[in-house]
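Subject: Structure handover

Hello,

Please find below the structure I am passing on to you. My notes on what was found in it follow underneath.

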Amino acid sequence: MTNTDKDIIEKVNIVLKKIDDFFHGLEPSLKNAISRDEYFEQHPEITDHKNFNFSLSGDDIINQKIPYNAAGCTGRAKLFSKYAQEIGLKDFSIVATAKKEDIKNKNSGKMIDGHQLVSIKLSDGLHMIDPGKG
């Protein structure tokens, strides 16, 4: 069975709402959300700050109740993927972006700055969405 654009968009909206509901359930106001640094201060057992959000799965984020900023865009993309798979949304990809200068200086020891987006395939082509924007 082929999904129509309408079906895909409805599923995307369901997934985005689930992500919003999850994070707002932890922190009602994301404008005042705890920062990643504050989260690390509250959890001294986390020692690898650079790779923390990359190491989490969607289930980890849910089970450990990782807040919005601590999960970061990588965590939000992982939640999108988890929830999308649960409802049968298949025509999507996670797209990683990176700053060109950070890639050139990859041996500097600093984390490569970037962002994670979702690409949705519709009949007229690919559409990018930011799962952190709802």
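How many bridges join β1 to β2, and do these strands run parallel or antiparallel? There are 7 bridges between β1 and β2, and the two strands run antiparallel. Please keep in mind that this is a predicted model.

The chain as a whole

The chain contains 6 helices and 3 strands. Read from the N terminus, the elements come in the order α-α-α-α-α-β-α-β-β. The chain has 134 residues, and 35% of them count as buried. Its accessible surface is about 8300 Å², with 51% of that belonging to carbon and sulfur atoms. Among contacts in the chain with a separation of 6 or more, 54% are between residues 24 or more positions apart.

The sheet

The strands form an open sheet of 3 strands in the order β1-β2-β3, paired antiparallel. β1 (92–98) and β3 (125–129) are the edge strands, each pairing on one side only. On average, neighbouring strands of the sheet are turned by 35° against each other, with direction ignored.

Between β1 and β2, one of the bridges can be followed from A96, whose partner in β2 is Q116. On the other side, β2 (residues 114–122) pairs with β3 in the antiparallel sense over 5 bridges. A hairpin of 2 residues joins β2 to β3. To trace this pairing in the viewer, look at L122, which stands opposite G125 in β3, and at I120, which has H127 in β3 as its bridge partner.

Helices on the sheet

Two helices can be placed against these strands. Helix α1 (residues 5–26) packs on the sheet and touches β2 and β3. The direction of α1 makes about 150° with that of β2. Helix α5 (residues 68–86) lies across β1, β2 and β3, and runs at about 25° to β2.

Aromatic rings

A search of the whole structure gives 5 aromatic pairs. In one of them, the ring centres of Y39 and F52 are 6.0 Å apart and the planes stand at 40°, so this pair is tilted. Y39 belongs to helix α2 (residues 36–42) and F52 to helix α3 (residues 52–55), so the pair ties together parts 13 residues apart in sequence. Are these two rings on buried or exposed residues? Y39 has a relative accessibility of 6% and counts as buried, because the cut-off for buried is under 20% relative accessible area. F52 is buried as well, with a relative accessible area of 7%.

F80 and F92 form an aromatic pair that is edge-to-face, with 5.5 Å from centre to centre and 75° between the planes. This pair links distant parts of the chain, since F80 is in helix α5 and F92 is in strand β1, 12 residues apart. Both F80 and F92 are buried.

What else is found among the rings? F22, F23 and Y68 are linked into a cluster by ring pairs. R76 lies over the face of Y68, at 4.0 Å from the ring centre.

Where to start

If you are opening the model for the first time, the sheet order β1-β2-β3 is a convenient thread to follow. From there, go to helix α5, which lies across β1, β2 and β3, and then to the pair of F80 in α5 and F92 in β1.

Regards

Methods
Residues numbered from 1 in each chain as written. Predicted model: local features only at pLDDT ≥ 70, side-chain atom pairs only at ≥ 80, totals over all residues. Heavy atoms only, no water. Pairing = 2+ DSSP bridges. Helix = DSSP H or I, 4+ residues; strand = E, 2+ residues; numbered from the N terminus. Axes fitted to C-alpha atoms, helices over the stretch in contact; angles between N-to-C directions. Contact = heavy atoms within 4.5 Å. Phe/Tyr/Trp six-rings, centres within 6.5 Å; stacked < 30°, edge-to-face > 60°. Buried < 20%, exposed > 50% of the residue type's maximum accessible area, 1.4 Å probe, protein only. Lys NZ or Arg CZ within 6 Å of the ring centre and 35° of its normal. Areas by Shrake-Rupley, 256 points an atom, 1.4 Å probe, with all protein chains shown as cover.
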